[in-house]
Amino acid sequence: MHAHVNPNSAARPGHPADPRQLDLAAEILRHLADPTRLHLLHLLTTEQDVTTLTEQVAASRSSVSQHLGRLRLAGLVQVRREGRRMLYRITSDHLTGLVTEALGFAAHTVHGIPHHVAEPAGK
């Protein structure tokens with residue numbers, strides 16, 4: 001069971017955000033600003049080892065390991081040992097959603113698909 005922040009205190013669109021949340025969100029987005037790290041996070045909704053990940057991204061094994069290390073230190077991926085292999089996985093469904101949304105936004109832009117915009121309340 002996980003504790004959740006009171007939704008009334010969480011940042012909502014159009015409302016002031018907690019400065020600590022803004023700082024942490026900016027730090028998380030800095031980690032996602034690298035295409036290799038973004039791709040790794042996208043792949044890590046299931047546990048995978050460095051070899052499997054290296055086969056799927058355009059980076060060397062050494063580079064993948066370094067990116068995974070940065071993501072682990074930032075708390076964005078978790079790791080567990082299985083024999084000699086280290087298995088990595090994304091730490092949060094919120095982070096998975098953020099990565100999915102970023103890639104969806106990019107797909108709309110790349111393919112010329114109009115972006116979704118919610119209608120203002122009362123219209």
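Two residues are in contact when heavy atoms of theirs lie within 4.5 Å. Keep that in mind for the last stop of this tour, which goes through a predicted model.

**Stop 1: the whole chain**

Select the protein chain and colour it by secondary structure. There are five helices and two strands. Starting at the N terminus, the order of elements is α-α-α-α-β-β-α. Now switch on the surface. The chain exposes about 9,100 Å², and carbon and sulfur atoms supply 58% of that area. Of its 123 residues, 23% count as buried. Among contacts between residues at least 6 apart in sequence, 47% join residues at least 24 apart.

**Stop 2: the two strands**

Select residues 77–82, which are strand β1, and residues 85–90, which are strand β2. The two strands run antiparallel, and six bridges join them. For one example, pick Gln78 and look across to β2, where its bridge partner is Arg89. Next, go to the turn of the hairpin, where two residues lie between the strands. Select Gly83 and check its backbone angles: phi is positive, near 65°.

**Stop 3: charged side chains**

Show the side chains of Arg, Lys, Asp and Glu. The structure holds six salt bridges. Begin with Arg85 and Asp49, which form one of them, with the closest N and O atoms 3.2 Å apart. This pair links distant parts of the chain: Arg85 is in strand β2, while Asp49 is in the loop between α2 (35–43) and α3 (50–56), 36 residues apart.

Is each partner buried or exposed, or something in between? Asp49 counts as buried because its relative accessibility is 11%, and the limit for buried is under 20%. Arg85 has a relative accessible area of 39%, so this residue is partly exposed.

Keep Arg85 selected and add Glu82. Their side chains also meet in a salt bridge, at 3.4 Å from N to O. Then add Arg80, which forms a salt bridge with Glu82; here the closest N and O atoms are 3.2 Å apart. Glu82 is partly exposed, at 38% relative accessible area, and Arg80 is partly exposed as well, at 37%. Add Glu47 to complete the selection: salt bridges that share partners join Glu47, Asp49, Arg80, Glu82 and Arg85 into one network.

**Stop 4: the nonpolar core**

Hide the charged side chains and select Leu40, Leu41, Leu44, Leu53, Val64 and Leu68. These residues have the most contacts inside the largest nonpolar core, which has 19 residues. Which elements each supply at least two residues of this core? They are α2, α3, α4 (61–73), β2 and α5 (93–110). Helix α2 gives the most, with four residues.

**Stop 5: one residue in the core**

Finally, select Leu68 and display what surrounds this side chain. Leaving out residues up to four places away in sequence, Leu68 touches Leu40, Leu44, Val50, Leu53, Val77 and Tyr88. Among these, Leu40, Leu44 and Leu53 were also in the selection at the previous stop.

Key: Residues numbered from 1 in each chain as written. Predicted model: local features only at pLDDT ≥ 70, side-chain atom pairs only at ≥ 80, totals over all residues. Heavy atoms only, no water. Pairing = 2+ DSSP bridges. Buried < 20%, exposed > 50% of the residue type's maximum accessible area, 1.4 Å probe, protein only. Areas by Shrake-Rupley, 256 points an atom, 1.4 Å probe, with all protein chains shown as cover. Salt bridge = Lys/Arg side-chain N within 4 Å of Asp/Glu carboxyl O. Core = buried A, V, L, I, M, F, W, Y, C linked by side-chain atoms within 4.5 Å.
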